[in-house]
Amino acid sequence: MDKLSSLCFLILSIVTVLVVSRLWFPIFVNLPPEDMNDEKQSFEKHISLMSKAPHHPLDPLTVQEINKVRDILSSYEPFSNSFPTIHSLALEEPDKSLVLSWEFGDPLPPRRAAVVGILHEQVHVLSIDLELHRVIRHTANPTRGYPMITIEELLSAFDVALANSNVQKSILARGVKLKDVKFLSPSPGWFGKEEEGRRFAKLQFYTLQGTSNYYMRPIEGLTVTVDLNKQEVIKIADTGKGIPIPRSANTDYIYNGEKEPPEIKQINPISIEQPKGPSFTVENGHIVKWGRWEFHIKPDQRAGMVISRVMVRDSETGELRNVMYKGFPSELYVPYMDFDEHWYFKTYMDAGEYGLGLLSTSLVPLNDCPRNSYYMDGVFVDGNGKPYVQENIICVFERYAGDISWRHTDTLLPNAKSGEARQKVTLVARMTSTLGNYDYIIDWEFQTDGLIRVEVGLSGMLMIKATPKEYTENKDNEGFEPLVSENAIGVVHDHYITFYLDMDVDGVNNSFVNIDLVKEEQVNKSPKSSPRKSIYKPYKKVAKMEDEAKIILSLVDPSEFHVVNPTKLSRLGNPSGYKIVPTATAASLLDLDDPPQIRSAFTNNQIWVTPYNKNEQWAGGFLAYQSRGDDTLATWSQRNRPIENRDIVLWYTLGFHHVPCQEDFPVMPIVSSSFDLKPVNFFDRNPILRAAPAFVDDLPVCNVRSSLNF
Ligand SMILES: *[C@@H]1O[C@H](CO)[C@@H](O)[C@H](O)[C@H]1NC(C)=O
Ligand SMILES: [Cu+2]
């Protein structure tokens, strides 16, 4: 780059920072502290930020509200002698009809909290009214299964396990020092009678000796079962004495200045330019407005990130139109494929067992999210019911990746040169969750043409199984266990992310329509009217009952899947709709009566449609830990309820089969897949027909020439 253009970029950067920091003061307020000693101070700063009153019926509970809930609970008679451990405490959303009729300026509907606690081995589910200052509903053990485990009880289970002399002996016998031992507590799933009646965790161990990578040096074949209520060891299984611990060499992944080979040219710093600042606003903390879109976004301890009240403006009239009432990842099922005593139970249901929000971590500016990002904090609750702030767990930013949103050139016109084209700029809301070894990146991407793309990325560390093997025996026709490093198998597994999508296309009452693509043959017609033998035609089939909307995808028997408003017709008489467009996905190969598949039967179909029911939000059941599959999407849907022209919820499961390979070691490059919610006959014509093209002068500080001047 020449001197002029370098100067030009410098000026641009400074101007951008100035513009951005004035318009977007909260971004910088929320940046993580540089000095770790400032942590306490920054916590207080956030308390004051977060204690602001809620503005919207769906706003999460504030720090003050959580403290109030805790006060109410402490003086609640059944808990007056001992306070339960709190496994979740969050806003109990007001009834949908109240939220839909509420407008800015109206008083908020009564603020309520939903609390799940455990006391004396009983699960308590409470509803607390903050205005009335009392418990208004209290049930014990509503279903089988237990709530999300708390970090505190896991840490304490580890202490209990490590204090056990037999566990110590087993660890020392492998030449590992106790000070190097770390743990993971895979949820135990549910495997029949002998595991019932007590809440427990299975702890497994890793050594950090010689590495900063927590998960690459497993102590194989040692599983300690700890009763979570009593906090005592109930079983030690030690069968792995002869199995070596994988070596530490090449396991580090933290940047230490080490360089790639000089032949590989480094990529220069890169960022998008927004000389006029971002085009979106975040109003009252949670309402995002961008271009034609408007929606509410909030962190949630269990779902991670919840997007609500999604509306898009009509491209002709400018009117705000409803698309979706609420969307979020409802469950995340990850079964591993290994019969081994120390592996068979690894069949996680991460949202219900651990919490996608509770295990979200602060996003790293520039690397997790681009420079032009707005960050949002989450307020969660610890096992004692005390609020804490998880900083910067959601980022919202505009993305321009150099793509095109539409184009055309009339090449047959005599003077045709270049044609019409439009840039594709989108708005992304992102959250990541680190569920032990794995990292999930979940993006909701909003396009100007009305399409919403939900993308899930997988990264982090493989779950490693130690083995005496150092080299792969290449045998055909034999199931294999992928060796990803010396003595380290990357165990084969799946990931299923089941999304709850309460679509409200132009109103609450919608229908689910299969558009089946059906082959039509021209047979024995004489005289033959066409030389063609076959074509296909789309056939509409409105699903009247739930059973008609249980979809297993098939390439050879294709359909489109539309959610339409049968009472809202376009100029041409087509019902206004959105379709769900699956892309690459996977389906479970497990037996339907395999215990993990019974618990996660919500993955038996890729698509389900249910009538809206406030109590049916968690596909794996309200209490998912050690659940037995009797409160899942699959069991609710057995009722085969009517779904035509009603308030309906669409469920979609995005799946991945994962056969690990060496590139996944020691940290996995992202694997991703997505699905789209795409308007169909929702707009009367191309909704971005009149969007303006971009011109060179739009970027006044630096023009295109300077960046072409290599
Ligand atoms: C939606 O459908 C239900 C069931 O048919 C009906 O009771 C309700 O009034 C409808 N709601 C609206 C807003 O049309
Ligand atoms: Cu994987």
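Into which domains is the protein chain divided? In this predicted model, the protein chain is divided into domain 1 (63-140), domain 2 (151-238) and domain 3, the last of these being made up of the segments 297-405 + 422-475 + 482-696.

**The sheet and its helix**

Four strands, in the order β1-β2-β3-β4, form an open sheet with antiparallel pairing. Its edge strands are β1 (85-91) and β4 (134-140), each of which pairs on one side only, and from one strand to the next the twist averages 20°. Helix α4 (residues 63-74) packs on this sheet and touches β1, β2, β3 and β4, while its direction makes about 120° with that of β3. Within the sheet, strand β2 (residues 112-119) and strand β3 (residues 122-129) run antiparallel and are joined by eight bridges; L119 stands opposite Q122 in β3. As general background, strands of a sheet pair through backbone hydrogen bonds, in either a parallel or an antiparallel manner.

**Contact between domain 1 and domain 3**

The C-alpha centres of domain 1 and domain 3 lie 30 Å apart, and the contact takes 22 residues from domain 1 and 22 residues from domain 3. Between them the two domains bury about 1800 Å², of which 57% is on carbon and sulfur atoms. On the domain 1 side, the residues that lose the most area to domain 3 are E93, K96 and L100, which together account for 36% of what that side buries.

Charged pairs also occur here, the count between domain 1 and domain 3 being six salt bridges. The side chain of E93 meets that of K298 in a salt bridge with an N to O distance of 2.8 Å, and E93 is also one of the residues named above for the area lost to domain 3. K96, another of those residues, is linked with D502, D504 and D647 in a network of salt bridges.

**Salt bridges in the whole structure**

A search of the whole structure finds 43 salt bridges; side chains of opposite charge can, in general, pair when their charged atoms come close. The table lists some of these pairs with their N to O distances.

| Pair | N to O distance |
|---|---|
| E92 and R137 | 3.5 Å |
| E644 and K544 | 3.3 Å |
| K550 and D547 | 2.5 Å |
| E93 and K298 | 2.8 Å |

The salt bridge between E92 and R137 links distant parts of the chain, since E92 is in the loop between β1 and α5 (96-101) and R137 is in strand β4, 45 residues apart. E92 counts as buried because its relative accessibility is 12%, under the 20% that sets the limit for buried residues, whereas R137, at 47%, counts as partly exposed.

For the salt bridge between E644 and K544, E644 lies in the loop between α10 (633-636) and β29 (646-658) and K544 in the loop between β25 (534-542) and β26 (559-569), so that the pair ties together parts that are 100 residues apart in sequence. E644 is partly exposed, with a relative accessible area of 32%, and K544 likewise counts as partly exposed, at 44% relative accessibility.

In the salt bridge that K550 forms with D547, K550 counts as partly exposed at 24% relative accessibility, and D547 counts as partly exposed at 41%.

Note on methods
Residues are numbered from 1 along each chain as its sequence is written. Chains are lettered from A and ligands numbered from 1 in the order in which they are written. This is a predicted model: local features need pLDDT of at least 70, side-chain atom pairs count only at pLDDT 80 or more; totals for chains, interfaces and linings use all residues. Side-chain values use heavy atoms; hydrogens and water are left out. Two strands pair if DSSP finds at least two bridges between them. Helices (H or I, at least four residues) and strands (E, at least two) are DSSP runs, numbered from the N terminus. Axes are lines fitted to C-alpha atoms, for helices over the stretch in contact, and angles run from 0 to 180 degrees between N-to-C directions. Contact means heavy atoms within 4.5 Å. A salt bridge is a side-chain nitrogen of Lys or Arg within 4 Å of a carboxyl oxygen of Asp or Glu. Buried means under 20% relative accessible area, exposed over 50%, partly exposed in between (1.4 Å probe, protein chains only). Domain bounds come from an automatic or database domain assignment. Buried area is the accessible area (1.4 Å probe) that two parts lose on being put together, summed over both.
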